[in-house]
Amino acid sequence: MSNPVDLALGILDHQLLDADGRRCGNVDDLELEGVRDGAPRAEMILVGAPVWRGRGRLGRLAAALAGGQTVRIPWGEVEKIDSGVRLKKPAHEYGLGRGDDRARKLVAWIPGANR
Amino acid sequence: VKKIFDIALGILAAIGGFVDIGDIVFNTAAGAMFQYQLLWAVVIGVGAIITYSEMCGRVAVVSQRAAFDAVRERLGFGIGLLALVAGQLVNLLTLAAEIGGIALALQLLAGLPFRILLVFAVLGLALAIWALPFEWIERVFGYVGLTLLVFAVGAIKLHPDWGGVGSGFVPHADTGNLAVYLFFVVGLIGAATVPYEVYFYSSGAIEERWTPKDLGINKANAIIGYSLGGLLSFALMITAAELFYPRAISPETLGSVALGANVPLGEIGLLLGLIGILFAVSGAAIDTAFSGAYNAAQFFGWEWGKYRSAVEAPRFTLAWMVMLVLGFLIVVTGVDPIQVTEYSVIFSVVALPATYIPILLVANDRAYMGNYANGRVANVFGIFYLVVILVVAVAAIPLMIVSNMGQG
């Protein structure tokens, strides 16, 4: 991924999809390099409630209420960008989708939960 | 031929799915109080919901982004979060109103205590959501909801003054109490445009796996389905105008709404009317519970969709369950469901611009939409209705206070 993209409108807050097409979080923030040289590149995709702290006053409040962990995904893990940001590997290899893993235990026992 | 059949089935479901407890309450009350004078407000509301449903359906199909994907991408995290909170509060209030409406309809049909029927209502909804595939949910409730057409038959049989009905489509205020009149304008527009419809419609397009080939179905469902759905609103207002306006009765219960089918058509009319109300409102309750789950999942990036199993989309599944429980808890406190309905409609108008603005922005973005971006017609209607909704949103709360919730 070395094509120029609009980081603010084209990446930030977009859906993350893993190698299996599973939705596994949003791009909550980005770590940039080279801002000073005038040629910013995205280095890391940041995911998780603590990251919202960098997203304004309401973000700070939401982060404080939500807790959780930050997941950092190197930009090189991006397979392609279309309606979402598609990653090269399954979500669990990045530590993404843990919320769904926890919630799964609560619903999996109900008959028909696998349909 | 199969294609036409499919389109027809979709349209039928849209007609039956259009009316919810807010439409029932506001159209009946408006007819009782202002006869046919406010029919024009329904037309505005229906125009707005058609315009924005078509748009958000098209955005979902072409860009694979549902309503709250667009909200967060375009408004950012902070303002997007505000839009989410506002949208969810309105969804909850609406859901509480719909659940209350189901229990009221069941009470008229079965006569058990209200609180027990609330439990039945919520369990029934949960079971239907759990057991039925997405397409079936839409269709079962939409089709049976079509029995609301007895109100259209009833309206005709009551021999309304058709000249008066016609003049109701031209905005005019022949009343001593302008604040109440305007409050009802807000309520009728709000009832026709409740935000869950747009949230649900856009996510539904992805649930049904529409592709650009289905954009014709999208257009037909929105335009024809909702226009004909609007006819049901007219019918409710006209029957109320015939039955209650001359006697200066204000219909304060769902039972008096059902009289609109009972008086002209007898026992069978009453039964069909109540079944129509029961299924239309149940369908709306499911749509609202799903909307809450869609919104949260899209904003936070969770896996979502009824096309996924509960195990595949567990947080989404928990979210609609939580919505049902919270909606139940609100209405089981003993608040009057009709009052909850009125508040939900008024507050939903206030929250509406936060949904319409990002949809309009994304629908105009050629990077997302390519050749399917808004054309001139969609933009003229889109901007016109956005301005209308903004005015209504600003006026809603002041009018609610000045008119004493329409009581004068």
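A salt bridge is a side-chain nitrogen of Lys or Arg within 4 Å of a carboxyl oxygen of Asp or Glu. The model is predicted, so local features need pLDDT of at least 70 and side-chain atom pairs pLDDT 80 or more, while totals for chains, interfaces and linings use all residues. Residues are numbered from 1 along each chain as its sequence is written, chains are lettered from A and ligands numbered from 1 in the order in which they are written, and side-chain values use heavy atoms, with hydrogens and water left out.

**Exercise 1.** Find the partner of A:E31 in a salt bridge, and say which parts of chain A the pair ties together.

*Solution.*
Step 1: The partner is A:R72, with 2.8 Å between the closest N and O atoms.
Step 2: Place both residues in their elements (helices, H or I, of at least four residues and strands, E, of at least two are DSSP runs, numbered from the N terminus). A:E31 belongs to strand β3 (residues 29-33) and A:R72 to strand β5 (residues 71-74), so the bridge joins parts 41 residues apart in sequence.
Step 3: Check the exposure (buried is under 20% relative accessible area, exposed over 50%, partly exposed in between, with a 1.4 Å probe and protein chains only). A:E31 is partly exposed at 28%, and A:R72 is partly exposed at 46%.

**Exercise 2.** Work out how far apart in sequence B:R58 and B:E54 are, and whether they are buried or exposed.

*Solution.*
Step 1: The two form a salt bridge, with the closest N and O atoms 2.9 Å apart.
Step 2: Both sit in helix α3 (residues 39-63) of chain B, 4 residues apart, which means about one helical turn.
Step 3: B:R58 and B:E54 are both buried.

**Exercise 3.** Count the salt bridges over all chains, and name the residues of the network that includes A:D13.

*Solution.*
Step 1: The count is 16 over all chains.
Step 2: In the network, A:D13 is linked with A:D28, A:R55 and B:R72.

**Exercise 4.** Divide the lining of the second largest pocket by residue class, and find which element gives the largest share.

*Solution.*
Step 1: Sort by class (Ala, Val, Leu, Ile, Met, Phe, Trp, Tyr, Cys and Pro are nonpolar; Asp, Glu, Lys and Arg charged; the others, Gly among them, polar). The lining has 16 nonpolar, 7 polar and 10 charged residues.
Step 2: The largest share, 8 residues, comes from α1(B).
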